[in-house]
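Each label on a structure should be traceable to a value and a cut-off. The turns below take the labels one by one.

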Amino acid sequence: MTTRGLSPPAAILRHAVLLITAALVLMPFVWMLSLSVKPPGEIFRASFSILPEHWYAVENYTKALTAAPLLRFMLNGVIVCAAILVLQVLICAPAAYALAKLDFGGRDLLFGLVLIGLLIPHQVLALPLFIFGYQLGILNTYAALIFPFVVSPFGIFLFRQFFKSIPDDIVHAARLDGLSELAIVWRIMVPMALPAVVAFSIFSVVAHWNDLFWPLIAVRSEELMPPPLGVMAFKNEEAGSDYGPLMAGAMLVVAPLTVAFLVAQRWFVEGLTVGGVR
Amino acid sequence: MTVSAEPLRAERLIAGATVSSRRRARLADAIAAYALAGPAFVLLLCLFILPTFAVFVIAATDWQFGASTINFVGARNFAELLADRAFRISFANTVLYVLIVVPGTVGLGLVLALLIEAGRSLRAFYRAIHFLPFMATLAAMAIAWEALLHPTIGLLNQALATLGLPTANWLRDEATVLPVLAAIGIWQNLGFAMVLYLAGLKSIPQDLYDAADIDGADSWLDRLRAVTLPMLGPVSMFVVIVVALKAFQTFDTVKILTQGGPGHASDVLLYTLYRESFEYLRTGFGAAVTIVFLVIVVTLTLIQARVMERRGPYA
């Protein structure tokens, strides 16, 4: 549809519509940012302006960082996301290699389990995994936040697809060079499937940084809360009355992924689309 | 005879050696495979397959988490579920929510994709802006939405009042709460639908447009009707299901903004699942709700797999 340029009026219309929808889509972000730099007096004044008369950013953000352990929430998010991603890759990549390149009894069974795993939404597993975690005595620890996600059927599926497209000759050559099977996974397969690894990593980190459902079930202590749960607890404590610091807190939770997204847009769209339609 | 027997035996020996070495290689292969795939196999079993079975078993009991008694009750939880007014409202709300979010998201996503693809300038910019809500932490954005929708200091009511239009307490009014949550759902997912449509548009062969040109489809609208929309049919089917799956899994906005209220006006399936299982600790009942949720999601996913099998992921 792009071989011909649009006529000038059509081009202007296109920009007009897209700028309006873009503004509407951005409105919650803009309002959040706006409230986060306003003093209480201006927030509760019944006249709207985006920019504050008196900047109150330092006060609001300081309060968000001190009244609630917001940095702690973010650190928890980093710890949990990193642990999940590392374990997922460590467990999924070798299994995907075995499925893609090795011949063994039970391969179809394993692949069947992967496909069934793909079908099951995580919320279905919450109840039995909550009981499982309780019996293991790990509820309300980092382990509780991490363990349900250490194996990703989607990760195995995606890596297998990429590994399959790598020629067998490369595997044979690596064996002749004396590489062990595990060395083939980490020194040949994973580096060659880097686009898949990056896409999966983005999908995994975004999914778990944003997840509210499982942390809500798995942990109670404030010092273990990941960002979504933490910011929700902050809102409940403040009873929704202290909007400036609350919005500052929400901004800080949204900021890391948003900045990363704007820097590496193409990768994010790719990763989240592949993950979202699995 | 004796002369020719020797090489024959040698050949056989060599052949035998390669067979056994091949067999040994295959055995080594298998051992390596089990070592590589073993952890994933065990974890899939423990974290996915067995828990799913466990849900079905728990759903057939009257167990309450922490209680020492547990009785087999067969399908009684499901009978209770069907008779439960709150569950029926929650189910109806979920269906209504999905019926608003899916057409809204798919329609807007398609229009956005067509508009972005129609010109060449600022494509990446528009795509990024519209995709932003899909990856932004929804729990935090729900707090921003609450401020936007606040009855007195919210931007929406202030704007409406300025224009002389009626205002509302959007999240506390039974009539508005579900449509407003659905609007947030559309806001969150439209960038996702847009990206899927952009991929679908890219996969339409240029030849078709050339052929349409020759047939006299001159204007953008002509080409849209003759080529683009018909070719997007399969992608649309796919986008509808994927968005429906997302809509069925709505939880964060309900938990943070309404807790299912006022009354049960914004109860949705996943929130009911959460409340029964983890707040009321009605474990058996919660498991029954979980199975309803599972059946819906698995059905949609299987349809999606069917569509993908036929057409590939994006076209």
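Q: How far apart are the C-alpha centres of domain 1 of chain B and domain 2 of chain B?
A: This is a predicted model. In it, the C-alpha centres of domain 1 of chain B and domain 2 of chain B lie 47 Å apart. The domains span residues 1-59 and 76-311.

Q: What makes domain 1 of chain B and domain 2 of chain B count as in contact?
A: Two residues are in contact if their C-beta atoms lie within 7 Å. Four residues of domain 1 of chain B are in contact with seven residues of domain 2 of chain B. On the domain 1 side, the residues divide into four nonpolar, no polar and no charged.

Q: How is chain A divided into domains, and where are the bounds?
A: Domain 1 of chain A covers 8-65 and domain 2 covers 67-276. Their C-alpha centres lie 33 Å apart. The contact takes 14 residues of domain 1 and 13 residues of domain 2. Helix 1 (8-36), helix 2 (40-43) and helix 3 (57-67) of chain A each supply at least two residues of the domain 1 side. Helix 3 of chain A gives the most, with five residues. That side divides into ten nonpolar, two polar and two charged residues.

Q: Why is chain A called more spread out than a compact globule?
A: Set the value against the rule. The globule rule gives 19 Å for 278 residues, and chain A has a radius of gyration of 24 Å. That is well over the rule, so chain A is more spread out than a compact globule. Its C-alpha atoms fill a box of roughly 75 × 65 × 35 Å along the principal axes. Chain A holds 15 helices and zero strands.

Q: What does the radius of gyration of chain B show against that of a compact globule of 315 residues?
A: A compact globule of 315 residues would have a radius of gyration near 20 Å, but chain B has 29 Å. The box filled by the C-alpha atoms of chain B is roughly 110 × 75 × 30 Å, taken along the principal axes.

Q: How many helices and how many strands are there in chain B?
A: Chain B has 13 helices and zero strands. From the N terminus on, every element in the run is α.

Q: Why are helix 4 of chain A and helix 8 of chain A called oblique to each other?
A: The axes of helix 4 (residues 70-101) and helix 8 (residues 153-164) of chain A cross at roughly 45°. Angles under 35 degrees count as roughly parallel, and 65 to 115 as roughly perpendicular. The crossing angle fits neither class, so these two helices are oblique to each other. The axes come within 8 Å, and the crossing is right-handed.

Q: Which residues in helix 4 of chain A meet which residues in helix 8 of chain A?
A: From helix 4 of chain A they include Gln88(A), Cys92(A), Ala96(A), Tyr97(A) and Lys101(A). Among their partners in helix 8 of chain A are Ile156(A), Phe159(A), Arg160(A) and Phe163(A). The residues of this contact divide into ten nonpolar, two polar and three charged.

Q: What makes helix 4 of chain A oblique to helix 11 of chain A?
A: Here the axes cross at roughly 140° and come within 9 Å. Roughly antiparallel needs an angle over 145 degrees, and roughly perpendicular ends at 115. The angle falls between those bounds, so helix 4 of chain A is oblique to helix 11 (residues 194-210) of chain A. The crossing is right-handed.

Q: Which residues in helix 4 of chain A and helix 11 of chain A meet?
A: Helix 4 of chain A brings, among them, Gly77(A), Val80(A), Ile84(A) and Gln88(A). Helix 11 of chain A brings residues including Val197(A), Ser201(A), His208(A) and Trp209(A). This contact divides into eight nonpolar, five polar and no charged residues.

Q: Why is helix 3 of chain B called oblique to helix 7 of chain B?
A: Helix 3 (residues 85-118) and helix 7 (residues 177-202) of chain B pack at about 40°, with axes 6 Å apart. Roughly parallel requires under 35 degrees, and roughly perpendicular starts at 65. Therefore helix 3 of chain B is oblique to helix 7 of chain B. Their crossing is right-handed. The contact residues divide into 21 nonpolar, six polar and one charged.

Q: How many residues does the contact take from chain A and from chain B?
A: Chain A gives 81 residues and chain B gives 82 residues. Helix 1 of chain A gives the most to the chain A side, with 13 residues. The chain A side divides into 66 nonpolar, eleven polar and four charged residues.

Notes
Residues numbered from 1 in each chain as written. Chains lettered and ligands numbered in written order. Predicted model: local features only at pLDDT ≥ 70, side-chain atom pairs only at ≥ 80, totals over all residues. Axes fitted to C-alpha atoms, helices over the stretch in contact; angles between N-to-C directions. Helix = DSSP H or I, 4+ residues; strand = E, 2+ residues; numbered from the N terminus. Left-handed = near helix turned anticlockwise from the far one by under 90°. Nonpolar A, V, L, I, M, F, W, Y, C, P; charged D, E, K, R; others polar. Domains from an automatic or database assignment. Rg over C-alpha atoms; globule rule 2.2 N^0.38 Å.
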